[in-house]
Every structure is written in structure tokens, then in C-alpha cells.
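Please look over the sequence and the model shown below, and then work through the questions that come after them.

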Amino acid sequence: MKKLKLILPMLAFIFAITLSFAFVNATADDFYATGYVIIEGQPYDVDTNCNSQSTSDCKVRIENLSGTFIVYDSETDEPLKSNAPIQTIDDPRP
Amino acid sequence: MNRHQIFRETIVQTASLLFIVLFAYAGLTKLLEGHMFYDNIRNSPILGGKAMASLASWVIPLSELAVSLLLIWKKTRLMALYGAAVLMLLFTGYTVAIVFFAPYRPCSCGGIISLLSWEQHLVLNAILLLLALLAIWFSRKHKGIPWKKARQDP
């Protein structure tokens with residue numbers, strides 16, 4: 001009985017770790033839009049939270065670059081949509 | 001142990017198990033998806049900024065994992081419940097700020113709980129905060145720790 005009081009919390013911890021590994025890629029694909037921006041004529045993949053709740057194009061600002069960049073859908077090449085304010089992201093170029 | 005003691009112990013253990021799963025899952029997910037959590041905080045309407053995002057992206061998940069680990073052992077459980085209550089207070093305060101004071105609602109991307117709206121998130125956080133406080137209350141009663149020190153006659 002005493003061992004069970006220790007084993008049960010440990011099992012709960014292991015279950016939670018398994019759960020996080022099981023869901024980590026699913027949530028990245030489902031809820032965090034993967035798109036690309038065009039910098040100097042070249043496409044670069046970015047992860048953004050374009051929430052698709054608007055007819056306005058999803059735009060981002062990039063560190064150390066001036067202006068805003070439209071985020072395009074990687075599959076359809078159409079601009080992603082979002083009603084969230086423009087967010088600043090790291091420069092995606094290597 | 002009488003019935004009341006068994007009830008209190010059951011509540012404390014159930015709350016502990018729930019927080020172990022919740023914080024271990026949340027902490028590890030934030031570490032595995034560090035760039036996403038960092039971006040969410042940096043672009044948050046309440047806390048935004050690079051410095052806060054850099055600090056939060058390490059401190060919060062490590063704190064969650066630490067609380068989760070400390071909840072496993074009975075000796076450290078009360079301390080971990082205090083930690084859980086502090087974390088839930090922070091999260092509840094953040095969701096209150098987002099729901100009532102933020103100029104816009106950011107995307108709460110990531111994790112199973114991202115399926116909830118911000119209002120639902122607020123309700124969940126408030127319930128978990130109350131659960132943590134209840135578990136602390138019962139845990140102290142079970143250990144016989146008084147809330148006020150008995151006055152000592154001179």
C-alpha cells in the first residue's frame with residue numbers, strides 16, 4: 001500500500017510525459033500555421049499564429065528588416081488571413 | 001484514520017495526481033515547443049517583449065516540472081502544493097488580464113488546452129486555483145499544522 005502511494009504519482013508523471021510527446025507535433029500542425037514569407041525574392045518558412053478569422057492578409061515584421069511581410073500558405077501559395085495584430089518574428093534566413 | 005481524515009487525504013492525493021499530470025504535460029510541452037511559447041509571450045498584449053519572453057520561456061516550464069516532481073513524494077507535497085497555487089495564481093491573473101484588459105485576444109496555440117476559449121481557460125484556471133488552495137488547507141489539517149500560532153502565556 002505504501003509503495004502504491006509512490007508508484008501512482010510516478011505513473012501519472014510518466015503518463016504526462018508520454019502525452020506531451022504524443023501531442024506535440026499534432027498541435028504544431030493544427031494550430032500554428034506554417035507558411036512562408038518572401039525576402040528578396042526567396043521564400044523562407046515561418047511559424048506564425050495567423051488565426052484565419054478575417055479577410056485581412058496575415059503579415060509579420062522581421063527582426064532587423066524594415067516593413068511588413070505577407071505570410072503565404074505553404075500548400076496553396078495564397079496569403080494566410082488573420083485579424084491579430086502584426087507580430088514580430090526572428091529572421092528566418094540561415 | 002476516521003472518515004474526515006480519509007476524505008481529506010483523498011482530496012489531497014487526487015489534487016496532487018491531477019497537478020502532476022497537468023504541470024508535467026504543460027511544462028514539457030512548453031520545452032518541446034519552445035519557439036512557439038517564446039513567440040506567444042513575445043507577441044502577448046499583456047506581457048510582450050523579448051526579455052520577458054526569454055525569461056518566461058525557461059522559468060515557467062522548469063517551475064512546472066519542478067512542482068510536478070515535488071508532488072510525487074509525500075514529504076515535499078505540501079511545498080509543491082504551495083508552488084502549484086502560486087503558478088495557478090499567475091496563470092489565472094494572466095487570463096483575467098487577457099479577457100478583461102487586453103486590446104486583442106492572442107492565439108493560445110499549443111497543447112490540448114488550446115481547444116478552449118480564453119473565457120473557458122479562465123474558468124478552468126480559477127477552478128484549479130481553488131483546488132490547489134483546498135488541497136493545501138486539507139494537507140495542513142491532516143498534518144496538524146495550525147494556521148495561527150498558539151499564543152504563549154508570558
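The questions and answers below deal with the fold, the helix packing, the cores and some single residues.

This is a predicted model, in which local features need pLDDT of at least 70 and side-chain atom pairs count only at pLDDT 80 or more, while totals for chains, interfaces and linings use all residues. Residues are numbered from 1 along each chain as its sequence is written, and chains are lettered from A and ligands numbered from 1 in the order in which they are written.

Q: Which pattern does chain B follow along the sequence?
A: Helices (H or I, at least four residues) and strands (E, at least two) are taken as DSSP runs, numbered from the N terminus. Chain B holds five helices and zero strands. Read along the sequence, the pattern is therefore α-α-α-α-α.

Q: Is H2(B) parallel, antiparallel, perpendicular or oblique to H3(B)?
A: Axes are lines fitted to C-alpha atoms, for helices over the stretch in contact, with angles from 0 to 180 degrees between N-to-C directions; angles under 35 degrees count as roughly parallel, over 145 as roughly antiparallel, 65 to 115 as roughly perpendicular and the rest as oblique. Helix H2 (residues 34-42) of chain B packs on H3(B) at an angle of about 140°, with the axes 8 Å apart. That makes the relation of H2(B) to H3(B) oblique.

Q: How do the residues of the contact of H2(B) with H3(B) divide into nonpolar, polar and charged?
A: Two residues are in contact if their C-beta atoms, placed from the backbone, lie within 7 Å. Gly34(B), Phe37(B), Tyr38(B), Ile41(B) and Arg42(B) of H2(B) meet Lys50(B), Met52(B), Ala53(B), Ala56(B) and Ser57(B) of H3(B). With Ala, Val, Leu, Ile, Met, Phe, Trp, Tyr, Cys and Pro as nonpolar, Asp, Glu, Lys and Arg as charged, and the others, Gly among them, as polar, the division is six nonpolar, two polar and two charged.

Q: Is H3(B) roughly parallel or roughly antiparallel to H4(B)?
A: The axes of H3(B) and H4(B) come within 8 Å and cross at roughly 150°. That makes H3(B), relative to H4(B), roughly antiparallel.

Q: Which helix gives the most to the largest nonpolar core?
A: A nonpolar core is a set of buried Ala, Val, Leu, Ile, Met, Phe, Trp, Tyr and Cys residues joined through C-beta atoms within 7 Å, and a residue is buried if 20 or more other C-beta atoms lie within 10 Å of its own, exposed if 12 or fewer, and partly exposed in between, with C-beta atoms placed from the backbone. The largest such core has 31 residues, and those with the most contacts inside it include Ile20(B), Phe23(B) and Ala132(B). Helix H1 (2-31) of chain A and helices H1 (3-32), H3 (50-70), H4 (74-100) and H5 (118-143) of chain B each give two or more residues. The most, 11 residues, comes from H1(B).

Q: Is Asn64(A) buried or exposed?
A: Asn64(A) lies in the loop between strand S3 (59-62) and strand S4 (68-70) of chain A, and its phi is near 70°, a positive value in a residue other than glycine. Most residues other than glycine have a negative phi. Because 6 C-beta neighbours lie inside 10 Å, Asn64(A) counts as exposed.

Q: Is Gln120(B) buried or exposed?
A: Gln120(B) is found in helix H5 of chain B. Because 12 other C-beta atoms lie within 10 Å, Gln120(B) is exposed.
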